Amino acid sequence: MSYSTPPGPDSDPRTPASTDPARASRPYRLSWWYLLFLVQFVAVLWPPFYNRADPYWLGIPFFYWYQLLWVVIGGLCTAVVYLATRRSP
Amino acid sequence: MNHPQWVALTIFAALFLFVAWLGMRASRWRRGDLDQLQEWGLGGRRFGTLVTWFLVGGDLYTAYTFIAVPALAFGAGATAFFAVPYTILAYPIFFMVFPRLWEICHREGYITVADFVRGRFGNRWLALAITVTGIVATLPYIALQLLGLQVVIAALGIGSVGIASYLPLLIAFVILALFTHSSGLRAPASIAIVKDILIYATTLTAIVYLPMRLGGFAHIFAAVPRTKLLLEAPGPHSTGSYGAYATMALGSALALFLYPHAITGVLSSSSSRALKRNAALLPSYSLLLGLLVLMGFFAIAAGVAQNPRFATGFHLYGNSFSVPALFLQLFPGWFVGIAFAAIGIGALVPAAIMAIASANLYARNIHREFIDPQPSERRESRIAKSAALVIKLGALAFVLWVPTDYAIYLQLLGGIWIIQTLPAVISGAFTAWFNDWALLAGWALGTITGTAMAFATHLTPAYTLHVAGWSLPGYTALYTLVLNLALAALLTPLFEGIAARTGRPATS
C-alpha cells in the first residue's frame with residue numbers, strides 16, 4: 001500500500017472541468033492478462049462442474065467449498081492482473 | 001415475542017450511540033467545505049485504498065444482505081449460494097470498467113453517473129432516464145435496510161405492538177438523518193470502519209463456534225433436507241435450475257455497480273489505482289457473505305423454526321428471522337448485542353450512502369438540469385441535503401405503512417430496471433459509438449419488457465423462455481438486457497444515418 005498517486009492533473013481534486021471531449025476518448029488498451037478473468041466466469045457459471053456433494057471437505061459438500069475457494073482464487077487473479085498491468089496505463 | 005434481552009440491548013444501544021457520535025464528528029474528518037456538493041456528496045474524492053475498501057464493502061454488503069441471503073438458504077437451500085458466484089464475477093467487471101469511468105468523471109468533475117452519461121452522449125433525456133431509474137431502484141433498497149434494522153430490534157425483545165415498537169426504529173432514523181445531513185459521505189465512511197470490524201468479528205466467531213455447538217459441519221449438512229443441499233438437476237430439454245442459477249449470478253454481477261450508491265462509493269475514491277486494488281481486496285467480503293449463507297443451514301440444524309420461543313418472530317418476519325433466532329438460541333447475551341449491533345449499523349451505512357447517492361442525482365440531474373440551471377455551490381449542496389431527507393422519509397414511510405413483501409418485490413424490480421442503464425454507462429466508458437436516442441429506445445424497451453415479464457411470473461426473478469423445444473428459465477434482468485442492447489445496436493446505424501442525411505451533427 002505504499003504507492004502514492006502519481007503527480008499530474010489527475011491527482012488534484014480541484015482540477016477544473018475540461019470541456020474537450022476528445023480527452024475523454026483515450027483508446028482503451030486490453031491486456032492479455034485480462035484472459036485470467038475469463039477463467040473465473042467459466043469456473044462458476046457452469047453448475048454441472050460443481051453441483052455435487054462429494055468430495056466433502058471438513059464435512060462441507062463440494063458445491064459449497066468449491067465456490068468459496070473460487071472467491072479466493074478470483075481475488076488472487078485480480079491481484080495478478082493488477083500487478084501485471086500496473087505499469088502500462 | 002420473547003422478553004427483552006437486557007444485556008444484549010445495552011450493548012446494542014451503546015454501540016449505536018457510539019456510531020451516532022462518530023457520524024456527527026465525521027464532518028471534521030479530512031476537512032472540506034461541506035457547502036460544496038463534491039465535498040458533501042463525494043467526501044471530496046479523498047478516500048484512499050483502505051477507506052474505499054471499508055466504504056464500498058459497507059455499501060454493498062448490507063444489513064439486508066446479511067439477513068435475507070441466509071434466510072433464502074434456510075428456506076430454499078443451495079439456490080441461495082448464487083450470491084457467491086455473483087460477488088465473484090462482480091469484481092472482474094468492476095476492474096475492467098470502473099477505474100476508467102472514475103478517470104473520466106474525475107477529469108470532467110462529474111458527481112453522478114447521470115452527469116457522466118449527459119457529458120458523454122450529450123442527451124439530457126437519456127441522462128434523465130438514468131437518473132430516474134437510479135432513484136427508483138434505490139428507494140426500496142433503503143426501505144429494506146430499515147426493515148433489516150426492524151428485524152434485529154424486534155429480536156432484541158422490544159415490544160412488538162403499538163407505538164413503542166416503532167420507537168427504536170424512529171430513533172435510529174433520526175440518528176441516520178442527522179449525521180447524513182451534517183457530515184455527508186464522510187459519516188458512512190467512518191461508521192463503515194466500525195461496522196466492518198463488528199461484522200468480521202461476529203462472522204468469524206460464529207463460523208468457528210456454531211459448528212462446535214452443533215456437532216460439526218458434517219452433522220449440520222446432514223440435517224439439511226436432500227432436496228435443498230444441491231441444485232435440482234435439470235430435466236430433458238431444459239436448463240432448469242442450472243440456467244436460473246448462472247443467469248442470476250451473472251445478471252446480478254452486471255447490475256451491482258450500476259446502483260447509484262455503488263457508483264458514489266467508486267467516485268469518492270482518490271485514484272483509479274485505489275479502485276483496482278479494491279477489486280482484489282473486496283472479495284474478502286464475498287468470502288464473509290459465503291460463510292453467512294451457511295448460517296442459514298446452521299439455523300436448520302439448530303431447529304430454530306421448531307423453538308416455540310421464536311414462533312412470533314417467524315410469524316412476523318418469516319425466514320428473515322432465522323439468523324437472529326440462531327444467534328439468540330446459541331450465543332450469550334453480550335455477544336448477541338455485538339452481532340445485532342453489527343447488523344443494525346450495517347443498515348445505517350448503506351442507507352446513508354443510498355440516500356446521499358439519490359440526493360446527488362436529484363440535485364445534479366433533475367434540479368440543476370430542469371429547474372435551476374445556475375445554482376450557487378452552497379445552494380446545490382443544500383438542495384441535495386434536503387433531497388436526502390425527503391428520500392429517507394419516503395423509505396421510512398414505506399417501512400411503517402407498506403407491507404414488507406412490497407419492498408421486496410420493488411427491490412426485485414429495481415434489479416431489472418437498473419441493469420437497463422448498463423449499455424449507456426458501460427459503453428460510455430469505452431466508446432461513443434452508440435447513438436443517444438438508440439440507447440434511450442433500448443432502455444425503454446428493456447424496462448417495459450422486464451416489468452411485464454416480472455408481473456407475468458408473479459414477481460419472481462426468473463422467466464422461462466421457450467426456444468426450439470427447450471425451456472430456458474433465467475434471470476429476467478439478463479434476458480431483457482440482451483433485448484435492450486440488441487435494439488440499441490440495431491437503431492444506432494439507423495439513427496446516425498438519418499442524422500447524417502438531415503445534417504444534424506451525430507453525437508460524438
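In which hand, right or left, does H5(B) pass H12(B) at their crossing? I shall take that question as the starting point for a brief account of chain B, with the reminder that this is a predicted model.

The crossing of H5(B) with H12(B) is right-handed. Helix H5 covers residues 83-108 of chain B and helix H12 covers residues 240-256 of chain B; their axes come within 8 Å and cross at roughly 45 degrees. An angle between 35 and 65 degrees counts as oblique, and therefore H5(B) is oblique to H12(B). On the H5(B) side, the contact is made by B:Pro85, B:Tyr86, B:Leu89, B:Ala90 and B:Ile93. H12(B) contributes B:Ala249, B:Leu250, B:Ser252, B:Ala253, B:Leu254 and B:Leu256. Sorted by class, this contact has 10 nonpolar residues, 1 polar residue and no charged residues. As a general point, an α-helix has 3.6 residues a turn, so residues three or four places apart point the same way.

H5(B) also leads us to the interface between the chains. Here, 48 residues of chain B are in contact with 41 residues of chain A. Two or more residues each come from H5, helix H10 (216-223), H12, helix H14 (272-281) and H15 of chain B. Which element gives the most to the side of chain B that touches chain A? That element is H5(B), with 14 residues. Taken by class, the residues on this side of chain B comprise 29 nonpolar, 10 polar and 9 charged.

H15(B) brings us to another part of the chain, since H15 (283-302) is among the helices that cover the buried residues of H17(B). Helix H17 spans residues 322-330 of chain B and is mostly covered, with 7 of its 9 residues buried. The buried residues are B:Ser322, B:Val323, B:Pro324, B:Ala325, B:Leu326, B:Phe327 and B:Leu328. Their cover also includes helix H4 (63-76), helix H7 (124-155), helix H16 (311-317) and helix H18 (333-371) of chain B.

I turn finally to the strands. Strand S1 (residues 462-467) and strand S2 (residues 470-475) of chain B run antiparallel and are joined by 6 bridges. B:Ala462 stands opposite B:Tyr475 in S2(B), and B:Tyr463 has B:Gly474 as its bridge partner. The hairpin of S1(B) and S2(B) has 2 residues between the strands, and in this hairpin B:Ala468 takes a positive phi near 50 degrees.

To return to the opening question: H5(B) passes H12(B) in a right-handed crossing, and H5(B) also gives the most residues to the side of chain B that touches chain A.

How values were computed: Residues are numbered from 1 along each chain as its sequence is written. Chains are lettered from A and ligands numbered from 1 in the order in which they are written. This is a predicted model: local features need pLDDT of at least 70, side-chain atom pairs count only at pLDDT 80 or more; totals for chains, interfaces and linings use all residues. Axes are lines fitted to C-alpha atoms, for helices over the stretch in contact, and angles run from 0 to 180 degrees between N-to-C directions. Helices (H or I, at least four residues) and strands (E, at least two) are DSSP runs, numbered from the N terminus. Angles under 35 degrees count as roughly parallel, over 145 as roughly antiparallel, 65 to 115 as roughly perpendicular and the rest as oblique. A crossing is left-handed if the near helix is turned anticlockwise from the far one by less than a right angle, and right-handed if clockwise. Two residues are in contact if their C-beta atoms, placed from the backbone, lie within 7 Å. Ala, Val, Leu, Ile, Met, Phe, Trp, Tyr, Cys and Pro count as nonpolar, Asp, Glu, Lys and Arg as charged, and the others, Gly among them, as polar. A residue is buried if 20 or more other C-beta atoms lie within 10 Å of its own, exposed if 12 or fewer, and partly exposed in between; C-beta atoms are placed from the backbone. Two strands pair if DSSP finds at least two bridges between them.
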